[in-house]
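Look at the sequence and the model together. The walk below starts at a single side chain and works outward to the whole chain.

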Amino acid sequence: MRLKERDFKVLEALEKWGALGLGQIDGAFFRRTVDWPERMRLMFNEIDRRDYWQGAYKRMDMLKKQGLVKLESYINHHQTYLLTREGHRLLQSRGRSNLMGIRPAMPELFLEHELTVTAVGLILEESSGKRILSHRELYAAHNWRERRRSRLDKGPLLPDMWIVDKERPCAIEVELCQKSGRRYENLWEEYRR
């Protein structure tokens with residue numbers, strides 16, 4: 001199978017976000033010309049049976065057979081893809097990797113939040129034209145292991161994503177349930193620093 005530029009973009013997105021649902025892959029990389037309501041449906045991974053007959057599903061199946069991605073199955077969730085070590089090595093060999101490793105598994109407990117963050121990040125990147133750093137990229141850039149003094153020191157408080165902007169950088173938190181007002185105050189104070 002000969003890889004296309006779009007295949008590399010999908011692999012890069014899997015490295016960046018950690019996981020992508022089939023609908024997100026379809027909306028972000030395959031059906032970019034459909035109207036926005038349809039793209040939003042896909043970006044938030046709301047897929048129908050008919051979506052499995054589109055190009056994204058077939059192409060992801062080919063990437064899976066090549067060992068570049070793996071398919072994770074969860075109860076009550078649509079197909080979710082993760083990058084494999086082989087896929088990561090391919091990105092590294094082409095100079096297209098930004099992170100040192102992959103997310104080897106996605107616990108179902110975090111799945112809904114992670115895919116929602118991914119949807120918001122993909123939409124913001126495209127609509128704003130700005131670079132968005134994922135939590136995985138922020139974590140890698142922070143290098144917190146070297147800054148910890150003891151095992152009792154906690155790691156950094158990092159937002160779900162960060163809008164890179166010289167004049168007005170911005171932390172973004174995606175919430176599926178509300179936190180206390182005090183918790184938000186602490187988060188935003190930490191992000192200001």
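Leu90 touches Leu3, Phe8, Leu11 and Leu68, leaving aside residues up to four places away in sequence. This is a predicted model. Leu90 is found in helix H5, which covers residues 85-93. Is Leu90 buried or exposed? Its relative accessibility is 15%, and buried means under 20%, so Leu90 counts as buried. Take one of its partners, Leu11. The two are 79 residues apart in sequence. In space, their C-alpha atoms are 9.2 Å apart.

Now turn to the sheet. Strands of a sheet pair through backbone hydrogen bonds, either parallel or antiparallel. Here, 3 strands form an open sheet in the order E1-E3-E2, and the pairing is antiparallel. Strand E1 (20-21) and strand E2 (69-72) are the edge strands, each pairing on one side only. Helix H1, residues 5-17, packs on this sheet and touches E1, E2 and E3. The direction of H1 makes about 90° with that of E3.

Next, the pairing itself. E2 is joined to strand E3 (residues 80-83) by 4 bridges, and the two run antiparallel. Within that pairing, Glu72 has Thr80 of E3 as its bridge partner. Leu71 stands opposite Tyr81 in E3. On the E1 side, 2 bridges link E1 and E3, again in the antiparallel sense. There, the bridge partner of Leu20 is Tyr81 in E3. Which residues of E3 are buried on its two faces? Thr80 and Leu82 are buried on one side, and Tyr81 and Leu83 are buried on the other. Both faces of E3 are thus covered.

Helix H2 comes next. H2 spans residues 22-30. How many residues of H2 are buried? The count is 9 of the 9, so H2 is largely enclosed by the rest of the structure. The buried set holds Leu22, Gly23, Gln24, Ile25, Asp26, Gly27, Ala28, Phe29 and Phe30. What covers the buried residues of H2? The cover includes helices H1 and H3, helix H4 (55-65) and helix H6 (108-128). Strands E1 and E3 are also part of that cover.

One of these neighbours deserves a closer look. Two packed helices are described by the angle between their axes and the distance between the axes. H2 packs with helix H3 (residues 36-43) at an angle of about 145°. Their axes are 7 Å apart. On the H2 side, the residues in contact are Gly23, Gln24, Asp26, Gly27 and Ala28. On the H3 side, they are Arg39, Leu42 and Met43. By class, this contact has 3 nonpolar, 3 polar and 2 charged residues.

Finally, step back to the whole protein chain. Its secondary structure comes to 9 helices and 6 strands. The C-alpha trace spans about 50 × 35 × 35 Å along its principal axes. Why does the radius of gyration agree with a compact globule? With 193 residues, such a globule would have a value near 16 Å, and the protein chain has 17 Å. Of the 193 residues, 42% count as buried. The exposed area is about 11800 Å², with carbon and sulfur atoms supplying 50% of it. Among contacts with a separation of 6 or more, 58% come from residues 24 or more positions apart.

Note on methods. Residues are numbered from 1 along each chain as its sequence is written. This is a predicted model: local features need pLDDT of at least 70, side-chain atom pairs count only at pLDDT 80 or more; totals for chains, interfaces and linings use all residues. Side-chain values use heavy atoms; hydrogens and water are left out. Axes are lines fitted to C-alpha atoms, for helices over the stretch in contact, and angles run from 0 to 180 degrees between N-to-C directions. Contact means heavy atoms within 4.5 Å. Ala, Val, Leu, Ile, Met, Phe, Trp, Tyr, Cys and Pro count as nonpolar, Asp, Glu, Lys and Arg as charged, and the others, Gly among them, as polar. The radius of gyration is taken over C-alpha atoms; the globule rule is 2.2 Å times the number of residues to the power 0.38. Buried means under 20% relative accessible area, exposed over 50%, partly exposed in between (1.4 Å probe, protein chains only). Accessible areas come from the Shrake-Rupley method with a 1.4 Å probe; for residues, only the protein chains shown count as cover. Two strands pair if DSSP finds at least two bridges between them.
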